[in-house]
Amino acid sequence: MKKALPVGVENFEEMVQSGYYYVDKTMLIKELLDLKGKVNLFTRPRRFGKTLNLSMLRYFFEDTGYAEKNKQNKQLFYGMNILKTKESYTNQMGMYPVFALTLKSAKQENYGLARYMIQHALSTEFERHRDLVEDGKERLSLREYGQYTAIAEGQAEDQEIRNALQLFCQCMYKVTGKKTVLLIDEYDVPLENAYFRGFYERMIDFIRSLFESALKTNEYLQFAVITGCLRISKESIFTGLNHLNIISVLDKKYSEHFGFTEQEVMQMMSYYHVESRFATMKEWYNGYLFGDTQVYNPWSVVKFLYDLYSDADAFPRPYWVNTSSNDVIKDLVAGADRETKGQMEILLQGEALEIQVHEEVTYADMQNSGGNLWMFLLFTGYLTKESESFRESSIYLRVRIPNTEVKTIYQNTILNWMKDILKKEDFRGLYRAMEDGDEKSMARILNSQLFRTISFYDYAENFYHGFLAGILSQSENYLVKSNRESGNGRLDLMVKSPSLRGRAFVLEVKVSDSVDNLEKDAKKALKQIYDKNYMEELRTEGYRRIGCYGIAFFHKDCEVRFGKGM
């Protein structure tokens with residue numbers, strides 16, 4: 001029996017005890033102890049192993065207060081890399097109280113509910129350590145004990161909740177004599193959600209007050225590890241936190257601990273005997289560069305392996321697209337100006353875009369500056385670094401779309417945006433020009449629409465085919481069919497009235513290699529309709545009023561030629 005693949009498993013104890021396949025990331029512990037960061041903020045994209053790593057840290061460092069439970073926690077690490085290191089590292093096992101807080105549940109529709117979910121997460125951790133406090137309550141003041149109990153029972157006042165993390169560390173030190181390890185997962189989820197929901201400022205104020213006392217001047221803190229997608233600092237969440245150590249996707253430190261390296265992916269594929277699909281795995285889910293380390297998307301690797309294990313011929317899919325709302329891409333596409341659309345087309349054609357590094361990115365800044373926008377996409381995993389350079393006292397990056405999976409997210413978002421735009425447009429002028437054989441008006445209207453689109457097929461024929469079909473399908477008076485067998489070949493588009501007494505049209509599309517060839521290629525497309533007798537199906541059905549259009553495209557320009565169905 002092969003080990004089960006850990007789809008959605010984010011608890012380290014469950015991962016090990018239930019026998020899931022675990023990619024050993026325990027050397028993160030050694031690097032944390034070596035670098036001795038007091039407060040460490042790891043920024044990585046969603047689903048890149050942050051939650052599992054924090055869970056692993058909890059089970060390694062936590063002194064539960066019970067010898068048997070501590071022994072069980074240590075057994076979880078048997079055979080893993082961290083136990084092959086020096087005693088100076090392994091002696092840290094089971095040494096500290098650990099407060100593990102996740103803010104994932106704060107993704108709610110309003111501020112009150114989001115804040116309640118954070119308070120509930122705090123109460124859960126307070127309750128988890130309740131026995132330690134009860135056993136040592138004589139070492140606490142009545143005020144400390146009362147506040148601790150109130151938070152654990154969900155009865156605390158607002159100011160007590162805002163001071164909860166510092167209070168926990170203080171109480172743990174008094175009852176155990178040990179400083180606390182503080183683990184905060186997905187700290188920016190409430191901020192992202194609040195930004196899109198419209199209560200950003202209130203959430204910023206609450207998160208700031210929650211963090212300040214715990215991280216700024218907390219003498220009872222051993223160290224803290226915080227994870228998220230972005231470094232949020234302009235809102236002063238980390239004001240005056242001079243000992244904050246920020247590790248982003250650009251840093252060489254810790255680069256191999258979040259996401260899978262190529263060697264780890266190859267070992268997994270070998271274990272499940274699906275090595276033959278490695279090329280597909282690499283094309284779809286590799287491509288991230290964290291520091292100098294090539295990294296695969298771990299969520300998508302596991303999901304694809306899960307499908308491959310039951311079907312070695314399974315097709316790859318964009319698994320990552322379903323793990324978050326992708327609101328940032330939707331907002332990017334909807335709000336893009338002409339320059340931004342052009343930059344997106346560069347990226348979608350597989351080329352790189354140069355940007356200046358601004359690491360302090362905020363949600364509010366996302367659409368104020370092109371540079372902030374691209375940095376936002378870099379930190380959230382929609383772009384990756386290709387190379388970097390230093391000039392004029394600034395760092396510049398060349399960024400690109402990391403892989404096929406992420407490219408499909410852009411493409412699907414753009415397609416949905418184009419469909420929504422087209423539904424809102426009034427194309428009666430285009431239909432009227434088509435009925436009148438007005439070539440110039442048709443070309444003018446199509447050019448206008450092309451100027452607004454974002455091409456992601458490198459201006460190939462299928463892009464223009466879809467573009468035309470999308471526009472012509474908006475009419476309630478015509479049916480649109482594409483790529484039908486008719487006459488002596490396959491036509492591009494057929495547009496016809498439901499009534500045989502009405503009008504019908506055949507459209508053939510060509511893509512020119514230069515703007516100078518547009519007219520020639522439009523005529524060639526029209527001639528092809530006649531040469532291959534594409535009107536035959538319409539005549540057989542009974543249509544008598546048939547029009548023919550040859551349309552040639554080159555980037556954002558087009559040429560239209562009309563002819564009657566003979």
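**Exercise 1. One helix and its cover**

Which helices and strands are included in what covers the buried residues of α14? Work this out on the predicted model, in which residues are numbered from 1 along each chain as its sequence is written.

*Solution.*
Step 1. Fix the terms. Helices (H or I, at least four residues) and strands (E, at least two) are DSSP runs, numbered from the N terminus. Buried means under 20% relative accessible area, exposed over 50%, and partly exposed in between, with a 1.4 Å probe and protein chains only. Local features need pLDDT of at least 70, side-chain atom pairs count only at pLDDT 80 or more, totals for chains, interfaces and linings use all residues, and side-chain values use heavy atoms, with hydrogens and water left out.

Step 2. Find the buried residues. Helix α14 covers residues 278-285, and Phe278, Met281, Trp284 and Tyr285 are buried there. Seen down the axis of α14, these buried residues fall within an arc of 140 degrees, so they line one face of the helix. The arc is that of the directions from the helix axis to the C-beta atoms.

Step 3. Name the cover. It includes α13 (262-271), β6 (288-290), β7 (293-295), α15 (298-310) and α19 (404-424). Contact here means heavy atoms within 4.5 Å.

Step 4. Look past the helix end. Glycine 287 follows α14, and its phi is positive, near 105 degrees.

**Exercise 2. The five-stranded sheet**

Give the strand order of the sheet that holds β11 and β17, then place the helices that lie across the sheet strands.

*Solution.*
Step 1. Read the order. The sheet is open, with 5 strands in the order β11-β14-β15-β16-β17 and mixed pairing. Two strands pair if DSSP finds at least two bridges between them.

Step 2. Find the edges. β11 (479-482) and β17 (557-564) each have a single partner strand, so one side of each is left without a neighbour in the sheet.

Step 3. Check the twist. Neighbouring strands are turned by 20 degrees against each other on average, direction ignored. Axes are lines fitted to C-alpha atoms, for helices over the stretch in contact, and angles run from 0 to 180 degrees between N-to-C directions.

Step 4. Inspect one pairing. β16 (residues 545-554) and β17 run antiparallel and are joined by 8 bridges. Alanine 552 stands opposite glutamate 559 in β17.

Step 5. Add the helices. α20 (residues 428-436) lies across β14 (493-496), β15 (503-511) and β16, at about 100 degrees to β15. α23 (residues 518-531) lies across β15, β16 and β17, at about 145 degrees to β16.

**Exercise 3. Valine 560**

Is valine 560 buried or exposed? List its contacts beyond four places in sequence.

*Solution.*
Step 1. Locate the residue. Valine 560 is found in strand β17.

Step 2. Check its burial. Its relative accessible area is 1%, so valine 560 is buried.

Step 3. List the contacts. Valine 560 touches Glu439, Met442, Ala443, Leu446, Tyr549, Gly550 and Ile551.

Step 4. Take one distance. The C-alpha atoms of valine 560 and glutamate 439 are separated by 5.3 Å, though the two residues lie 121 residues apart along the chain.

**Exercise 4. Two aromatic pairs**

Classify the ring pairs phenylalanine 126 with tyrosine 148 and phenylalanine 467 with phenylalanine 553.

*Solution.*
Step 1. Set the rule. Rings of Phe, Tyr and Trp (its six-membered ring) pair if their centres lie within 6.5 Å; planes under 30 degrees apart count as stacked, over 60 as edge-to-face and the rest as tilted. The structure holds 38 aromatic pairs.

Step 2. Take the first pair. Phenylalanine 126 and tyrosine 148 are 4.5 Å centre to centre with 45 degrees between the planes, a tilted pair. Phenylalanine 126 lies in α6 (residues 111-128) and tyrosine 148 in α8 (residues 142-152), so the pair ties together parts 22 residues apart in sequence. Both residues are buried.

Step 3. Take the second pair. The ring centres of phenylalanine 467 and phenylalanine 553 are 6.4 Å apart and the planes stand at 85 degrees, so this pair is edge-to-face. Phenylalanine 467 sits in helix α22 (residues 461-472) and phenylalanine 553 in strand β16, 86 residues apart.

Step 4. Check burial. Phenylalanine 467 is buried at 3% relative accessibility, and phenylalanine 553 is buried at 0%.
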